[in-house]
Amino acid sequence: MPTLGIDLGGTFARAAVVDGKGEILASAKVAVQDRKPQGVVETIAQAAEEAVKQSGVKVDGCGVGAAGQIHKDTGVISVAPNLGWRDVPLAAMLTKRLGFDVKVVNDLSAAAWGELHAGAGRGAHDILVVFVGSGVGSAIIADGRLVQGGGGVAGELGHIKVVPGGRLCGCGEHGCLEAYAGGHNLIAQTKELLASGGSPVLEQLTNGDPYTITPVTLETAAEAGDAKAREIHARAAQFLAVAVANYVTVLNPSRLVLGGGVLTHCPGIKRLVLDGVQQWASRVSREGLLIADAELGDDSGIIGAALLVK
């Protein structure tokens, strides 16, 4: 029987009815306007009910992928920076509202499961998935199983410390990789550079308007020869490259799947990450390693969340 997959972001809740092969039968998207837990539950329910209505089939469970740190046994979201949540029992709330069991996992865990069964990970059993978008996320599949750790937060590449005591991260700690290389933080650092008046290239690219800045703006300025933009860009890329290379060395995956808006739209950063893996991952761990782009795009998490129910 098909299941529901939910992709919960800070702006939208997307729901899809997914069959056992990972095919989306119907989907719906509803804007998140009330970010309080009960308001988000109602938004998810609205999207879920619309997707089920469009599909014309019954579902027997629901999986939710959400950005944040989630306890694997309880479905409690310990920290969700995009929503400003701490210790929210989302699985229990949704189970009560929808009337059937709901499983809540980290959004990258859901994306990895989707890529494993229906995307770039097909045929592999040991996969490392790294997405660099608004944040930095990763998930580990070992011997065909999702690695969650004792508390459900294994694989949090974005929250390893690269500068102890450094920039404040959305998780509330300092010096995380995400604070330097996540899309939101690349934008924040670029805005700081623009405000300092130390980048005439950025001034020209943006006409002085900080609201036009994206990670692509930073890469464009760096490649145009702006020294300070190049410093931010190179630091982010190097931190990412070393982190991913070390993960490859430690985990020895057979496949590394890369995705997310920053890696998709900033080829310079992606190239440096790929070069770093070849340069810094151990020779033995690189042997037989296949590096692939994520195939499912925005649907990876919603498909994976639905398939995880099974």
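This is a walk through the structure above, which is a predicted model, beginning with a sheet and moving outward from there.

Let's start with the sheet. Five strands make up an open sheet in the order 11-10-9-12-13, and their pairing is mixed. Strand 11 (145-146) and strand 13 (290-293) take the edge positions with a single partner strand each, so one side of each has no neighbour in the sheet.

Where does the mixed pairing come from? The strands can be taken pair by pair. Strand 9 (residues 127-132) and strand 10 (residues 136-142) run antiparallel and are joined by six bridges. If you would like a landmark for this pair, find Val 132, which stands opposite Val 136 in strand 10. Strand 9 also pairs with strand 12, this time in the parallel sense, over five bridges. Here Ile 127 is the residue to look for, standing opposite Arg 255 in strand 12. Moving on, strand 12 and strand 13 run parallel and are joined by four bridges. In this pairing Leu 258 has Asp 293 of strand 13 as its bridge partner.

Strand 12 deserves a second look. Is it buried or exposed? Five of its five residues are buried, so strand 12 is largely enclosed by the rest of the structure. From this strand, Arg 255, Val 257 and Gly 259 point one way, while Leu 256 and Leu 258 point the other way. Both sets are buried, and the charged residue Arg 255 is among them.

Now bring helix 8 into view. Helix 8 (residues 227-251) lies across strand 9, strand 10 and strand 12 (255-259), and runs at about 165° to strand 9. Because 180° would mean opposite N-to-C directions on the 0 to 180 degrees scale, you can follow the helix and the strand with that angle in mind.

Helix 8 also matters for the nonpolar packing. A general tendency is worth recalling here: in soluble globular proteins, nonpolar side chains tend to be buried together. In this model the largest nonpolar core has 43 residues, and Leu 256 and Ile 269 are the ones that touch the most other members. Helix 8 is the element that gives the most to this core, supplying 11 residues. A second, separate core has 32 residues, including Val 32, Ala 80, Leu 83 and Val 104.

What surrounds Ile 269? Setting aside neighbours within four places in sequence, Ile 269 is in contact with Leu 186, Glu 219, His 233, Ala 237, Leu 240, Val 262 and Leu 263. One of these contacts, Glu 219, belongs to helix 7 (residues 215-223), where Pro 215, Thr 217, Leu 218, Glu 219, Ala 221 and Ala 222 are buried. The buried residues of helix 7 pack against helix 5 (183-196), helix 6 (200-206), helix 8, helix 9 (261-265) and helix 10 (267-280). After helix 7 comes Gly 225, which has a positive phi near 100°.

Helix 8 takes part in an aromatic pair as well. The model has one such pair. Tyr 180 and Phe 239 meet edge-to-face, at 5.5 Å centre to centre with 90° between the planes. The two residues are 59 residues apart, with Tyr 180 in helix 4 (residues 177-181) and Phe 239 in helix 8, and their pairing links distant parts of the chain. Tyr 180 and Phe 239 are both buried. Another ring to visit is that of Phe 12, where the charged end of Lys 29 sits over the ring, 4.5 Å from its centre.

A few single residues round off the walk. Ser 55 lies in helix 1 (residues 37-55). Its relative accessible area is 17%, and so Ser 55 is buried. Beyond its neighbours within four places in sequence, Ser 55 is in contact with Val 17 and Ala 26. In helix 3 (residues 107-118) you will find Ala 111, which counts as buried because its relative accessibility is 4%. Leaving aside neighbours within four places in sequence, Ala 111 is in contact with Phe 131, Ser 300 and Gly 301. By contrast, Lys 96, placed in helix 2 (residues 90-98), counts as exposed at 76% relative accessibility.

Definitions and conventions. Residues numbered from 1 in each chain as written. Predicted model: local features only at pLDDT ≥ 70, side-chain atom pairs only at ≥ 80, totals over all residues. Heavy atoms only, no water. Pairing = 2+ DSSP bridges. Contact = heavy atoms within 4.5 Å. Phe/Tyr/Trp six-rings, centres within 6.5 Å; stacked < 30°, edge-to-face > 60°. Buried < 20%, exposed > 50% of the residue type's maximum accessible area, 1.4 Å probe, protein only. Lys NZ or Arg CZ within 6 Å of the ring centre and 35° of its normal. Core = buried A, V, L, I, M, F, W, Y, C linked by side-chain atoms within 4.5 Å.
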